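I wanted to get to know this structure by its aromatic rings first, then look at how a couple of helices pack. Here are my notes, in the order I looked things up.

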Amino acid sequence: MSFFIQTRNLEKFARSKKWTFFFNLIKPRLVPMVLIATASGFYLGTPAKIDLLTLFHVLLGTALASSGTLALNQVIEKDIDKKMKRTKDRPLPSGHIFISEAIVFSSLLLISGLIYLLIFGNIICSFITLSSSAIYLLIYTPLKTRSPLNSIIGAIPGAIPPLIGWSAATGFLSFESFILFTILFLWQIPHALAIAIMYKEEFVAAGIKLLPANDPIGRNTCRHIIVYCLTLIPVGMMPKFIGMAGNFYFFSSIFLGIIYLSFAISLFRNYSIPYARKLFYVSLIYLPLLLLSMILNQVN
C-alpha cells in the first residue's frame, strides 16, 4: 500500500515538474518586457480615458502569442541550444520535453493568442502580432546562422509591441506609433550586441553569425553600438516635438540617452565582457524609464 502511494506521489511530482519545463519553454523573462512595451503603446495611443478591460484582453492575447512565438523559436533552435552552455539545459536540448509536445504546446499558444486578439482587440493588432511572429520565426531565426544582419532583423519584431498596443487602442497606426517603434528598434541594437559580446565564444561555437565574431578588438562592433546610441538621443526627443510628451520627458530622454551613450563609449575604450555586461544592464534600465517618463508626461 505504501509503495502504491509513493508511486502516485512520484507521478504527481513528475507531472508538476513537467509543467515547469513547459513554462521555461516560453522564455518567461522576455514576455514581461513585451507586455510593458505593449501596454505603453496602448496607454499612449488611448485618446481619452483608458479602457482597462480592453487593455487586459490585449495583454493576455499578446502574452499568449509572444509565448508561443518564443517557444517555437526554441523548437527551431534546439540543436543550436545543445551546443551552448547557457542554453543546453533548456527543456528541449535537455530532453525534458518531447519535440512533438513542444510543437503542439507552442502552436496552440500562438494561434490562441492571435484569435484572442482578433476577437477582443481588432484585426489590425492581430495582424501586426502575426507579422511580428512571422518575421521572428521565418526570417530572424534562420538568419542567425547565416548573417550578422540578424541583429538588425531581430530588432524589428522586438520593436513591434508598441504598435500592437497602439492599434488595439485606436484601431489604426499613426506617425506617433512609429516613433515608438523606432525608439525600441534603435535601443535594441546596442542591447543585442552587448549580449553578443558577453557570449561570443558560445555563439561562435554554435555557428551563430554575430558582428563581434570577426571583430577581435571590438572596434567595428563598438562603432555600431555608439552610432545607434547617438541616433537614439534625437529620435528619443521626437515625442516632445510632435506633441506626445512634455518637457519632463524631453529632458529625461536626453539624460537617459547620454547615460546609455556613455556606457557605449566606455565599452569602446575598454572592450571586455565586464563592460559589455554593464551596457547590457543599463539597456534594461533605459527603456522602462524612458517609457515611464513618457507616460507620466503625456500631452493629450
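I started with Phe98, which counts as exposed at 55% relative accessibility, because the cut-off for exposed is over 50%. I should jot down right away that this is a predicted model. Phe98 sits in the loop between α4 (78–81) and α5. I looked up what Phe98 touches, leaving out residues up to four places away in sequence, and got Lys18 and Leu92.

Next I checked how far Phe98 is from Phe22. They are 76 residues apart in sequence, and 10 Å apart in space, C-alpha to C-alpha.

**Aromatic pairs**

How many aromatic pairs does the structure hold? I found ten. One of them is Phe22 with Phe105, a tilted pair with 4.9 Å centre to centre and 55 degrees between the planes. This pair links distant parts of the chain: Phe22 belongs to helix α1 (residues 2–25) and Phe105 to helix α5 (residues 99–120), 83 residues apart. Are Phe22 and Phe105 buried or exposed? Both are buried.

Then I turned to Phe250 and Phe251, an edge-to-face pair at 5.1 Å centre to centre, with 75 degrees between the planes. I looked up the accessibility of each partner. Phe250 has a relative accessible area of 14%, so I noted Phe250 as buried, the cut-off being under 20%. Phe251, at 54% relative accessibility, counts as exposed.

I also checked for clusters, and Trp19 joins Phe22 and Phe105 in one aromatic cluster.

**Charges over rings**

Which ring does Arg219 lie over? I see Arg219 over the face of Phe268, at 4.5 Å from the ring centre. Lys278 gave me another case: its charged end sits over the ring of Tyr275, 4.4 Å from the centre.

**Two helices packing**

Last, I looked at helix α2 (residues 31–45) and helix α13 (residues 273–296). They pack at an angle of about 20 degrees, and their axes are 10 Å apart. Why do I call them roughly parallel? Angles under 35 degrees count as roughly parallel, so α2 and α13 at about 20 degrees fit that label. I noted the crossing of α2 and α13 as left-handed.

Which residues meet where these helices pack? From α2 I listed Met33, Ile36, Ala37, Ser40, Tyr43 and Leu44. They meet Leu287, Leu291, Met294 and Ile295 in α13.

Methods: Residues are numbered from 1 along each chain as its sequence is written. This is a predicted model: local features need pLDDT of at least 70, side-chain atom pairs count only at pLDDT 80 or more; totals for chains, interfaces and linings use all residues. Side-chain values use heavy atoms; hydrogens and water are left out. Rings of Phe, Tyr and Trp (its six-membered ring) pair if their centres lie within 6.5 Å; planes under 30 degrees apart count as stacked, over 60 as edge-to-face and the rest as tilted. Helices (H or I, at least four residues) and strands (E, at least two) are DSSP runs, numbered from the N terminus. Buried means under 20% relative accessible area, exposed over 50%, partly exposed in between (1.4 Å probe, protein chains only). A charge sits over a ring if NZ of Lys or CZ of Arg is within 6 Å of the ring centre and within 35 degrees of the ring normal. Contact means heavy atoms within 4.5 Å. Axes are lines fitted to C-alpha atoms, for helices over the stretch in contact, and angles run from 0 to 180 degrees between N-to-C directions. Angles under 35 degrees count as roughly parallel, over 145 as roughly antiparallel, 65 to 115 as roughly perpendicular and the rest as oblique. A crossing is left-handed if the near helix is turned anticlockwise from the far one by less than a right angle, and right-handed if clockwise.
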